[in-house]
Amino acid sequence: MSTAAMSIVNGTPKGFRTPPAVVRGERSSPAPHAKRPGAMGVRRGPSRVGWLAATRLLVWTVVWGTVLRNIGTSVGAWAAGSFGAVTTILVGVVIPAWVFVVFPGWLAFRIAGPCGLRRLAVGACWMSPLVRLRDLPSIAAWFEIAADRPCPRWDELPADAWTALAAALQADRRRSLARPARVADALAHLPPGARFPWLARVHAVEALVLSAAARRDWAAAARYARLGSGRLNRLLGLLAQAGGDSAMSRRGVWTRWLLAPMRRVTWPLVRALSRSRPAETDADATESAPRGVHARHLAMLGAAARHEDVPTDAVLALAAAWRGEIDDAALARLQARALELGLREGAARARALRDELVDELALLLAQADGEVARPQADALIETLAARARDQQLALIQQALPALDADAVGPSLHPLEAWERWLALRAAWERAEQTGGRAPLAALWRGSVRDRLWGYCCALSHQHGARAAWASLIMFDWLADRAEYVGDLVAVLANRENARIALAGAR
Amino acid sequence: MTESLESRLRERVENPFFVLGVPPAATAAEIERQGQRLLSELAAGLEGARRYTTPLGARDRTPELVRSAIAELRDPARRFVHEWWARGLTAAR
């Protein structure tokens, strides 16, 4: 073993086991895409992709050259030199530039796609300079999924923003809401270099927001809209906020509706919301807010089950409100009622009821957003935090078996592999809020680190460039988590792996 | 975790007292009578029997749900839990 290799193996003084096999010496793996040229089968001369790109460029040049020439000739002949400077620039530069850059995407996503002309839509994307050639298969798959059609070549597609949004859209339409929520959260926190094309931000996100808005799930719609760009996403984001009972300027909404595309689709949503607003005053809102701690609890349970944002502070406030209902006097009343019902061990029954409630509060806290302030002098809050932490750590343990490096084979699609990791990511990041560093560091050293690291490397080796986008995100996340628990070896190796994955993803 | 939250939520809104539309203080005989009445109405296809009110809005009432509610309230230990929630939620309304 070389000195360099020794330095890595010996560089695990904090009790780590030998790092995964991908790390050798002071740099990471032959890893992901750092394969030797011979192993990659490099050919001389341009590759197929190079030919396709050259052909595309040639077609662009011929088509747009012809169009520009015809516009120039016919408009010039018609105007006969009567145009001023501004009009000439408009006709000669701005309109051709718009036709070249924006028109193909507009044709694809606003006309051809919604009309079911998917071949035309993909052809228009091929003509668009805003679409990379390598994204075309994923965009074609997105068109299929958006039209609720099966995608026959899904297994050959890479994991990227388009396929991730297609999978999220499909899951959202099937009311499998946890999956799109996790995908949206991951897309909202992409590492630098992980591509999220502008057209995907506009059109793929729009479809997702519209799907949530169609079933009046405004919390999900707002969450999705935060990913997006463009006028329609801004309008839908505003409608989602309005649907969630925040202040809304009706004039602002109507202005955005006028400026946004797909006005016929959004008309019923805007009209329904603008009609419902005047009746709702602050007094009405206060009146409609749940009264009583049982009702507040139920409302929060409903919000958490619908994946709405539930702040940690709100859960702690609810727990504080429960205190009077589960104190010793309340338990004595419950015990008396248990005896009236003929139950033996009334005290135990009452305590069991309180325990069940505390468990439910811990479940809410484990799902809530935001950190639990420490230290807490309150015994109830301490109990809740401890139970929430246990639940979160258990969730991490539950997510780990799915991340088996040996199970990563050709049949496991890189996107599915990425989504399995998303389950672990969601559990881990929630645990960071309430769990604290020490238990997570122990879990990291005990099981998470080697398993996840091996899984990421296996995925990268198995699928190569198809998994580069997913690998980049996962390696970057691994490096961040390693930093959180103070595992310097894993930080360095995974930063390097992320860098290699980034090179493959570009 | 979400599944767990959903099952807890379902348990709360499918509280037997709400399903049967009886107050938490109802006697065993009242519960049985109301349950049988609802089952007959559902069998007859009466529109009014198909929905029940919960703090989170109206829900569908089915014969299975009614039978399950009757069975739950026959067990004193289960009734004890459901009654506590129903009392709290009814008082809030």
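The following exercises, each with a worked solution, concern a predicted model with chains A and B.

**Exercise 1. Overall make-up of chain A**

Determine how many helices and strands chain A has, and what share of its residues is buried.

Solution. Begin with the secondary structure: chain A has 24 helices and 0 strands. Next, consider burial: of the 506 residues in chain A, 38% are buried. Finally, turn to the contacts in chain A with a separation of 6 or more: 65% of them join residues 24 or more positions apart.

**Exercise 2. The surroundings of Phe143(A)**

Decide whether Phe143(A) is buried or exposed, and identify what it touches.

Solution. First, locate the residue: Phe143(A) belongs to helix H7 (residues 136–146) of chain A. Second, apply the criterion for burial, which is 20 or more other C-beta atoms within 10 Å. Phe143(A) has 25 such atoms within 10 Å, so it is buried. Third, list its contacts: when residues up to four places away in sequence are not counted, Phe143(A) touches Gly113(A), Arg118(A), Ala121(A) and Val122(A). The separation from Pro114(A) is 29 residues in sequence and 9.0 Å in space, C-alpha to C-alpha.

Fourth, extend the view to the helix. The buried residues in H7(A) include Ser138(A), Ile139(A), Trp142(A) and Phe143(A). Among the elements that cover the buried residues of H7(A) are helix H6 (118–127), helix H8 (161–173) and helix H10 (198–214) of chain A. Just after H7(A), Asp148(A) takes a positive phi of about 60°.

**Exercise 3. A proline in a loop**

Establish where Pro158(A) lies and with which residues it is in contact.

Solution. The position comes first: Pro158(A) is in the loop between H7 and H8 of chain A. Its burial follows from a count of neighbours: 22 other C-beta atoms lie within 10 Å, so Pro158(A) is buried. Its contacts, leaving aside neighbours within four places in sequence, are with Ser138(A), Thr163(A), Pro414(A), Arg466(A) and Trp469(A). One of these, Ser138(A), is itself a buried residue of H7(A). Arg119(A), by comparison, is 39 residues from Pro158(A) in sequence and 20 Å from it in space, C-alpha to C-alpha.

**Exercise 4. The two faces of helix H13**

Work out which residues of H13(A) are buried and how they are arranged about the axis.

Solution. Start with the buried residues of helix H13 (residues 250–259) of chain A, which are Val253(A), Arg256(A) and Trp257(A). Viewed down the axis of H13(A), these residues fall within an arc of 105°, so they line one face of the helix. Then consider the face turned away from the buried side: it carries the exposed residues Arg251(A), Gly252(A), Thr255(A), Leu258(A) and Leu259(A).

The loop between H13 and helix H14 (263–276) of chain A holds Met262(A). Although Met262(A) is not a glycine, its phi is positive, at about 55°. Met262(A) has 16 C-beta neighbours inside 10 Å and therefore counts as partly exposed.

**Exercise 5. The nonpolar cores**

Find the size of the largest nonpolar core and explain why it lies between two domains.

Solution. The largest nonpolar core has 105 residues, and those with the most contacts inside it are Leu165(A) and Ala221(A). Its largest share, 12 residues, comes from helix H23 (residues 468–485) of chain A. Both domain 1 (3–30 + 396–505) and domain 2 (162–279) of chain A give residues to this core, so it lies between them. Ala221(A), not counting residues up to four places away in sequence, touches Val209(A), Ala212(A), Ala213(A), Leu236(A) and Ala240(A). A second, separate core of 45 residues includes Val293(A), Ala305(A), Trp322(A) and Leu9(B).

**Exercise 6. Chain B and its interface with chain A**

Describe how chains A and B meet, and then how strands E1 and E2 of chain B pair.

Solution. The interface brings 25 residues of chain A into contact with 21 residues of chain B. On the side of chain A that touches chain B, the largest share, 7 residues, comes from H16(A). The residues of that side divide into 15 nonpolar, 6 polar and 4 charged.

Within chain B, strand E1 (residues 51–54) and strand E2 (residues 57–60) pair in the antiparallel sense over 4 bridges. E1(B) and E2(B) form a hairpin with 2 residues between them. The bridge partner of Arg51(B) in E2(B) is Asp60(B).

Terms used. Residues are numbered from 1 along each chain as its sequence is written. Chains are lettered from A and ligands numbered from 1 in the order in which they are written. This is a predicted model: local features need pLDDT of at least 70, side-chain atom pairs count only at pLDDT 80 or more; totals for chains, interfaces and linings use all residues. Two residues are in contact if their C-beta atoms, placed from the backbone, lie within 7 Å. Ala, Val, Leu, Ile, Met, Phe, Trp, Tyr, Cys and Pro count as nonpolar, Asp, Glu, Lys and Arg as charged, and the others, Gly among them, as polar. A nonpolar core is a set of buried Ala, Val, Leu, Ile, Met, Phe, Trp, Tyr and Cys residues joined through C-beta atoms within 7 Å. A residue is buried if 20 or more other C-beta atoms lie within 10 Å of its own, exposed if 12 or fewer, and partly exposed in between; C-beta atoms are placed from the backbone. Domain bounds come from an automatic or database domain assignment. The arc is that of the directions from the helix axis to the C-beta atoms. Two strands pair if DSSP finds at least two bridges between them.
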